[in-house]
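Student: I'd like to go through this one with you, a few questions at a time. Can we look at it together?

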Amino acid sequence: MFDALPRSQSTDAGQTTGGAITSQPLSRRRFYLTVPTKFAIALIIALSWTALSVWLSKRWLDDLAALTSWPFALIAIGFIAYVPGFMNAFMISSLGFDRRPVRRQLAQYPGITILVAAYNEAAAIRDTLTSLARQDYAGPMQVLVLNDGSTDETVAIAHSTLASLSLPANFDFQVVDFPVNAGKASVLNRGLKMAAHDLVVTIDGDSWVRIDGVTQIVERLYADPANTVAVAGAVMVRNSRENFLTRAQEWDYFHGIAAVKRMQSMYHGTLVAQGAFSLYRKEALLEVGGWPECVGEDIVVSWALLDKGHRIGYAEDALAFTNVPTRIKQFSLQRKRWSRGLIEAFKAHPALLFKRRLTTLFIWWNLFFLPLDLVYTFVFIPGLVLALFGYFWIAGPLTLAVLPLAALWNMFIFSIQRKMFHREGLKVRQNFGGFLFYSLAYSLLMQPVCVWGYVAETIGMAKKWDTK
């Protein structure tokens with residue numbers, strides 16, 4: 001996805017929250033819309049698009065209802081066309097108004113503790129530690145490599161890597177070996193107790209953090225509103241050239257996940273500060289009891305912070321590159337875990353559905369993922385098969401009406417992300433084949449797997465830290 005160019009130097013200057021300042025004031029904005037105003041405009045546009053979709057689909061709705069029943073037709077077309085159309089229209093409208101607070105250099109950088117949870121990461125831990133040793137962070141930085149009972153050479157490689165690196169004087173690296181596997185949440189909580197600083201960063205054991213990644217995620221925290229207690233970094237795909245599956249995931253991370261987090265942060269509530277690369281205030285983590293013992297610990301702890309009324313931000317230019325699954329089985333296990341984590345979050349924090357804040361829309365948005373995935377799996381996919389034999393009851397010509405909005409969405413997000421890459425001295429590499437697979441076939445694989453995850457969590461299947 002990316003090629004490195006000379007690193008760009010930021011010229012933004014001005015005051016930040018938390019007492020950190022830079023040398024020059026920010027220029028005044030000529031035109032400003034409040035966040036509630038942006039939300040209201042995006043909502044009106046999305047509802048208008050949905051109303052137009054309902055009007056255009058009346059014949060489709062009538063025909064399907066005559067063939068089946070009105071409840072089935074409304075549910076099927078609602079979750080095939082109306083709800084996705086609303087989501088895409090709201091996202092495009094919101095991102096068009098995105099003018100986030102400017103990230104600026106700080107006069108003094110606070111101490112941070114980085115927790116690297118590692119389980120059988122022998123193939124990747126050397127690169128992860130090398131990337132952390134090369135960070136340009138100017139404050140004290142403690143790095144705790146938390147080995148969670150690995151059965152491979154993770155610990156030995158970590159020690160040999162640290163012995164070979166030249167570490168800055170303000171960096172302190174330690175390998176903490178827990179011989180018995182306890183799970184990711186447990187090992188992170190152990191690391192939290194050992195954290196020497198008030199800011200805590202989590203990084204997966206197979207991630208490469210860009211040289212300014214830690215600096216920029218800290219700067220984002222101090223540029224965001226004062227009630228921000230966590231910031232999600234921007235996680236991109238590192239091993240995208242292995243096969244069509246990794247190429248498609250590159251677009252998922254670059255387009256889908258990044259766009260959703262950017263939109264959610266506009267309205268003061270990124271829903272997930274992912275474990276792969278995120279920053280937290282230690283006191284906020286302690287307030288909610290740390291990471292819960294579950295498979296979706298990053299999702300559930302994020303919702304716990306939101307439940308306390310805190311804000312989670314998103315640093316779109318604090319970049320970490322991670323290795324994604326290369327095989328269908330690995331991918332399925334990962335997305336199954338993510339889906340189970342969503343159900344765990346709803347079980348743990350159902351009150352978020354009724355909180356009076358803009359973020360509540362996205363909690364309901366996530367709730368709608370369940371029927372969306374069910375209808376896609378058990379109605380739309382069979383409808384595609386029927387269409388191949390000439391029966392266009394579910395997937396037919398009117399289904400194509402959603403394609404212009406989807407194309408507009410992809411072009412818009414690509415433009416935003418490409419500009420961000422350019423500012424960071426990176427450029428987007430060509431990956432047209434991966435984009436085709438992502439656009440046309442990715443959902444055929446992903447959404448049935450999500451349904452599997454919902455079912456697994458509902459019936460109480462065993463949980464384990466078996467994949468990312």
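Student: Let's start with D204: is D204 buried or exposed?
Tutor: Bear in mind that this is a predicted model. The cut-off for buried is under 20% relative accessible area. D204 comes in at 8%, so D204 counts as buried.

Student: Which residue does D204 form a salt bridge with?
Tutor: Look for the closest N and O atoms, which are 2.7 Å apart. D204 sits in strand β5 (residues 199-204) and its partner in helix α6 (residues 184-194), so the pair ties together parts that are 20 residues apart in sequence. The partner is buried too, with a relative accessible area of 11%. That residue is K184.

Student: Which residues are joined into one network by salt bridges that share partners?
Tutor: The structure holds 17 salt bridges. Some of them share partners, and these join four names into one network: D98, R100, R262 and E316.

Student: How many residues apart are E219 and R103?
Tutor: Their side chains meet in a salt bridge, at 2.4 Å from N to O. The pair links distant parts of the chain, with E219 in helix α7 (residues 213-223) and R103 in the loop between α3 and β2 (112-118). Both E219 and R103 are buried. Along the chain, they are 116 residues apart.

Student: And D127, which residue does D127 form a salt bridge with?
Tutor: The closest N and O atoms of this pair are 3.1 Å apart. D127 belongs to helix α4 (residues 125-133), while the partner lies in the loop between β7 (228-237) and α8 (244-266), 111 residues away. D127 counts as partly exposed at 29% relative accessibility, and the partner does too, at 31%. It's R238.

Student: Where does α3 bend?
Tutor: Helix α3 covers residues 70-96. At 1.5 Å a residue, its 27 residues should span 39 Å, and the end C-alpha atoms are 37 Å apart, which agrees. There is still a bend of about 50°, and that bend is at G78.

Student: How many residues of α3 are buried?
Tutor: One of the residues in α3 is F86, and F86 is buried, with a relative accessible area of 16%. The helix as a whole is mostly covered, and of its 27 residues the buried ones number 19.

Student: Which residues is F86 in contact with, leaving aside its neighbours within four places in sequence?
Tutor: Start with the C-alpha atoms of F86 and S48, which are 8.7 Å apart although 38 residues separate them along the chain. With the sequence neighbours set aside, the contacts of F86 are L43, A46, L47, W49 and T50.

Student: Which helix gives the most to the nonpolar patch?
Tutor: The patch covers about 750 Å² of surface and is made by L67, V385, L386, L388, F389, Y391 and W393. V385, for one, counts as partly exposed at 43% relative accessibility. V385 lies in the helix we're after, which spans residues 360-388 and gives three residues to the patch: α12.

Student: What percentage of contacts between residues at least 6 apart in sequence join residues at least 24 apart?
Tutor: The chain has 15 helices and 10 strands, and 55% of its 468 residues are buried. For contacts between residues at least 6 apart, the share joining residues at least 24 apart is 85%.

How values were computed:
Residues numbered from 1 in each chain as written. Predicted model: local features only at pLDDT ≥ 70, side-chain atom pairs only at ≥ 80, totals over all residues. Heavy atoms only, no water. Helix = DSSP H or I, 4+ residues; strand = E, 2+ residues; numbered from the N terminus. Buried < 20%, exposed > 50% of the residue type's maximum accessible area, 1.4 Å probe, protein only. Contact = heavy atoms within 4.5 Å. Expected span 1.5 Å × (residues − 1). Bend = angle between axes of the 7 residues up to and from the residue. Patch = residues over 30% accessible without salt bridge, like charges linked within 9 Å, V, L, I, M, F, W, Y side chains within 5 Å. Areas by Shrake-Rupley, 256 points an atom, 1.4 Å probe, with all protein chains shown as cover.
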